[in-house]
Amino acid sequence: MADFSPSDHTLMARALRLAERGAFTTRPNPMVGCVIAKSEEVVGEGFHQRAGEAHAEVVALQAAGAEAKGATAYVTLEPCAHTGRTGPCTDALLEAGVSRVVAAMRDPFPEVDGAGFDRLRAAGIEVASGLMEAQSRALNRGYLSRMVRGRPWVRVKLATSLDGRSALANGESKWISGEASRYDVQRWRARAGAIITGAGTVLVDDPSLTVRLGDDTPFEPPLRVVLDPGLATIARGRVREGDAPTLYVHAPQTKLSRSIDAQLAVVAVEKGRFDLQAVLRLLAQRGINEVQVEAGATLAAAFLEAGLVDELLLYVAPVLLGSHARPLFDGLDIQHMTERMQLDVVETRRLGEDIRVLLRPKGGAA
């Protein structure tokens with residue numbers, strides 16, 4: 001790895017902060033930020049906001065103008081060297097006359113994957129990569145999951161009482177968590193490409209699964225995905241209302257008795273359970289980088305049992321629901337302590353009266 005100066009670190013950190021501003025809007029593209037600097041002075045900066053619009057490098061170069069000549073470009077992901085919905089960023093950097101490009105990481109997208117670096121080096125540009133790579137990978141964990149593993153990053157959101165209960169025995173769960181937690185969930189929804197729930201949750205809770213930020217923050221509505229083997233919920237529920245699209249995933253043998261205007265997809269069902277790997281592959285083919293699972297204890301446990309959970313977003317409220325209330329996970333068959341699932345605590349945060357805990361399975365994807 002190249003030696004990087006304190007100034008290099010400062011400017012890449014600035015580029016990463018810029019990249020994060022596209023968290024709610026860039027999908028299916030990655031979040032990318034770029035800073036153009038000359039003698040440590042920033043002369044231009046920008047971030048990629050939406051697929052089909054200018055990439056971060058182009059926005060930053062436009063801001064820099066003639067000052068980009070001889071400057072260093074700090075970019076959070078390898079510049080693209082192919083023509084997609086926009087032209088190659090490598091060509092824009094070369095035309096602007098930058099002398100050095102510092103990238104946080106290589107882009108695993110097949111049409112880039114080192115080709116951007118090669119193009120710049122072949123033209124005599126100094127290229128260094130690996131600066132703050134861990135932060136860049138964390139920022140784009142969903143995009144990287146889709147590119148490398150062929151499936152989205154999976155986050156399971158749950159609200160729980162102090163005694164580990166997710167709902168009363170009759171299914172009632174509104175509201176375990178407080179208002180601050182419920183608003184926080186909206187921001188996590190906004191960065192997800194899809195929100196998955198089960199037919200049981202639709203029938204009992206009738207959720208809308210839309211993003212409600214309450215301000216002017218731009219976002220792209222995530223796809224609402226209902227796992228419903230027999231399509232019992234297709235003609236009902238708030239999950240079909242609003243501007244957000246809805247996809248119903250059903251079993252191969254299920255037939256509609258009448259024509260309904262809805263997005264449908266077929267996934268294999270075995271012993272009453274969907275092939276969740278196949279569900280995630282289907283969503284990856286649709287360009288989904290991150291999935292947020294908002295479902296009952298059985299479906300949440302099924303994702304865990306299948307080894308498909310990358311992180312748990314747990315809202316712990318200071319309440320008790322008692323021994324007859326429903327568990328957080330239902331169906332995990334753990335008989336011995338040696339079989340217990342171990343989790344790493346990534347972050348804890350106080351939200352009103354609640355505590356939000358972000359956890360990831362030990363040994364899972366970084």
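Me: Which residues, Ala-159 among them, does UniProt list for "binding site" in an unreviewed entry?

Reply: The UniProt record gives Ala-159, Trp-175, Thr-201, Asp-205, Gly-296, Ala-297, Thr-298, Leu-299, Ala-300, Ala-301 and Ala-302. They are spread over 144 residues of sequence and, in space, up to 23.8 Å between C-alpha atoms. UniProt positions follow the numbering used here, feature names are shortened, and annotations may be inferred rather than shown by experiment. The model is predicted: local features need pLDDT of at least 70 and side-chain atom pairs pLDDT 80 or more, while totals for chains, interfaces and linings use all residues. Residues are numbered from 1 along each chain as its sequence is written, and side-chain values use heavy atoms, with hydrogens and water left out.

Me: Which of these residues does the lining of the largest pocket include?

Reply: Ala-159, Trp-175, Thr-201, Asp-205, Gly-296, Ala-297, Thr-298, Leu-299 and Ala-302 are in the lining. On a 1 Å grid over the protein atoms alone, a pocket is an open set of points with protein on both sides within 12 Å along at least five of seven lines, whereas in a cavity a 1.4 Å probe fits but cannot get out; lining residues have an atom within 4 Å of a point. UniProt also places a "binding site" feature (unreviewed entry) at Ser-173, Arg-189, Leu-209, Arg-212 and Glu-294, and the lining of the largest pocket includes these residues too.

Me: Why does Thr-201 count as buried or exposed?

Reply: Buried means under 20% relative accessible area, exposed over 50%, and partly exposed in between (1.4 Å probe, protein chains only). Thr-201 has 13% relative accessibility, so Thr-201 counts as buried. By the same cut-offs, Gly-296 at 31% counts as partly exposed.

Me: What is Glu-294 touching, not counting residues up to four places away in sequence?

Reply: Contact means heavy atoms within 4.5 Å. Glu-294 touches Lys-157, Val-185, Arg-189, Ile-195, Ile-196, Thr-197, Thr-201 and Leu-209. Glu-294 is found in the loop between β14 and α10 and is buried, with a relative accessible area of 8%. Arg-189 lies in helix α7 and is buried at 7%. Helices (H or I, at least four residues) and strands (E, at least two) are DSSP runs, numbered from the N terminus.

Me: Why do β11 and β17 stand at the edges?

Reply: The sheet is open, with 9 strands in the order β11-β10-β9-β8-β14-β6-β15-β18-β17 and mixed pairing. Two strands pair if DSSP finds at least two bridges between them. β11 (263-266) and β17 (343-351) each have a single partner strand, so one side of each is left without a neighbour in the sheet.

Me: How many bridges join strand β15 to strand β18?

Reply: There are 5 bridges between β15 (residues 311-316) and β18 (residues 354-361), and the two strands run antiparallel. One of the partnerships is that of Val-316 with Ile-355 in β18. Helix α7 (residues 179-191) packs on the sheet, its direction making about 160 degrees with that of β15. Axes are lines fitted to C-alpha atoms, for helices over the stretch in contact, and angles run from 0 to 180 degrees between N-to-C directions.

Me: What is the order of the 5 strands that form an open sheet?

Reply: The order is β2-β1-β3-β4-β5, with mixed pairing. β2 (41-47) and β5 (126-129) stand at the edges, because each has a single partner strand. The twist averages 15 degrees from one strand to the next.
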